[in-house]
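This report describes a molecular structure in terms of its chain dimensions, its confidence scores and one helix. The sequence and the structure are shown first.

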Amino acid sequence: MSNEVSKKFSDKDLFKLSFRWTLFRSLVWNYEKMQAAGYLVVVAPTLDKLYKDDENARLHAYEVESQFFNCETNLANIIFGMDVAVQEELGEAGLDMVQAVKTSLMGPFSGIGDTLFSSVIAVIFGSIAVTTGLEGNYVGTIIWFAWLVFMPFVLRPWLCKLGYQQGLKLTTTLSDQLSKLTKAGSILGITVIGSMIATMVKVNFGTINLMGIEFNLQTQLLDAIMPKIGSALAGVICYWFLGKFGMKSGRLIFAVMVVSILLSYFGILVV
Amino acid sequence: MTPVQIILLCLWAAVLQVDVMTVALLPSNTIITGIFAGIVMGNPTLGLIVGATLQSYALGLNYFGGASIPNYQVAAIIVVALCGGSLDNVASTIALVGIPVAALTVQLDVLGRIINSYWQHKVDALVPTGDLSRIMKVYLCGIFTWSLTRLAPVLICLLIGPSLVDTLNAIMPVWLSNGLKIASNIFPVIGFTILLKYMPLKGNYQYLIIGFVLSAYFGASTIAVATIGLAIALFVYNLENNNTQISADSEGGNYDE
């Protein structure tokens, strides 16, 4: 029966829905309801179409769709697709289910999406663009830009279509596939991060005066142990700091500034 | 700087965060922003290098779940505009102006997200009317929030002009400006460690070590390490797939998270 009903929204409609999300998603992001208003304005034209003969149902749908929402940009499209599929099949009676789908999926999808898209893939494209860019070469940036174009125009509409066609049955099969993909992706990402800590972080120790004896920390001590050990040390300390004082990049930036200035004053670290 | 240059750079700064919050295509990218500023200032390659340097601090930083992070795109515009077109000045301009301004934008981002509560309440008040066009009018006001919070620091720095760097250089003692340069050399690690917090590091330390050693000892490039990482990832993925196949066969398709 679902096959019969699920023909109202064409690929073009779903592309529009997905692109509306790309276009408006976080404009009114706030600490209270995060992307709630964004979700509403994205799905509203679809709601108008679904409930054009039933004003009360339409207002009810507006109310349900304006509740708290926050999800990773790409995978959120699956939720949009499912949302439309459920309402198309069940109508106003499906609104409770829509609410449940949104609330239960936005967390896991954000977790997977942040790891896969915002972390692993962004870091791989970003690090290639940075290393080539530092040499004055545009190639890495062009490759990254191609990916930035691919996401809103191909990937997100495809994910939206996937959510719409598969509906609720997608949740079981997809989460299994995605978690495997995330695990493999994480291995790739973590390997690259290890490399980047060695290549992009620069820590140079200076010469200290121990009871009249000049002692160069960098050449006489650390280089003998392991190259780039200062970078590894900085990584370990920052990681520990984040666990200790909360995951706030702003705090960590100020801490790094203060510690660097202090160590510069005593000559322990040099440029 | 000519007025036309200032206007172009300010326009870019005004759409920058709007792009981050929506399409995320051009100005939201620190390197592309650097290149644009470089074109405006007549030296695209300098812009590319400034953008890439600042992007290395931003790798791994993301607005995860609405956390605020420094706007290195804002810093890229200012640094390219104020470094006087010379690569030799880039490091000190980044240390003296770029880094402090980027740190300040964290607070501006928090401010923006607080201001947006106002628009949220207005949208909420309109929801019962079901009037989409009125809701959209209020919703689009969010553009001002993101536009003005990023335009302000750029406009101020550009109006003061390149003398800002010279003045700061003259006032600051050497150990302080050196301290900021040291900090900027360490900055990339912040993004990497935050990233590691979001990744399943537990049980995966070995890959971090492999990547580090390949680059620290053997000087392997990022692309080389990424390729090796991909090989390991594929190996583990196939292993996992085979395992689930076997357990699915033996347990009769019993799903186990």
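## Chain dimensions, confidence and a kinked helix

In chain A, among contacts with a sequence separation of 6 or more, 68% are between residues 24 or more positions apart. The model is predicted, and its scores are ipTM 0.87 and pTM 0.88.

Chain A contains eleven helices and four strands. Of its 271 residues, 46% count as buried. The radius of gyration of chain A is 25 Å, whereas a compact globule of 271 residues would have one near 18 Å. The C-alpha trace of chain A spans about 90 × 35 × 30 Å along its principal axes.

For chain B, the average pLDDT is 91, and 96% of the residues score at least 70. Over residues 252-257 of chain B, however, the pLDDT is below 50. Beyond near neighbours in sequence, this stretch has one contact in the model.

Helix H1 of chain B is described by the following values.

| Feature of H1(B) | Value |
|---|---|
| Extent | residues 3-21, 19 residues |
| Reach, first C-alpha to last | 28 Å |
| Expected reach at 1.5 Å a residue | 27 Å |
| Kink centred on Val15(B) | about 30 degrees |

The reach of H1(B) is thus close to the expected value, although the helix has a kink centred on Val15(B). Buried residues of H1(B) include Ala14(B) and Leu16(B), as well as Leu9(B), Trp12(B) and Met21(B). Among the elements that cover the buried residues of H1(B) are helix H2 (30-40), helix H4 (72-82) and helix H7 (142-160) of chain B.

Notes
Residues numbered from 1 in each chain as written. Chains lettered and ligands numbered in written order. Predicted model: local features only at pLDDT ≥ 70, side-chain atom pairs only at ≥ 80, totals over all residues. pLDDT = per-residue confidence, 0-100. Contact = placed C-beta atoms within 7 Å. Helix = DSSP H or I, 4+ residues; strand = E, 2+ residues; numbered from the N terminus. Expected span 1.5 Å × (residues − 1). Bend = angle between axes of the 7 residues up to and from the residue. Buried ≥ 20, exposed ≤ 12 C-beta atoms within 10 Å, placed from the backbone. Rg over C-alpha atoms; globule rule 2.2 N^0.38 Å.
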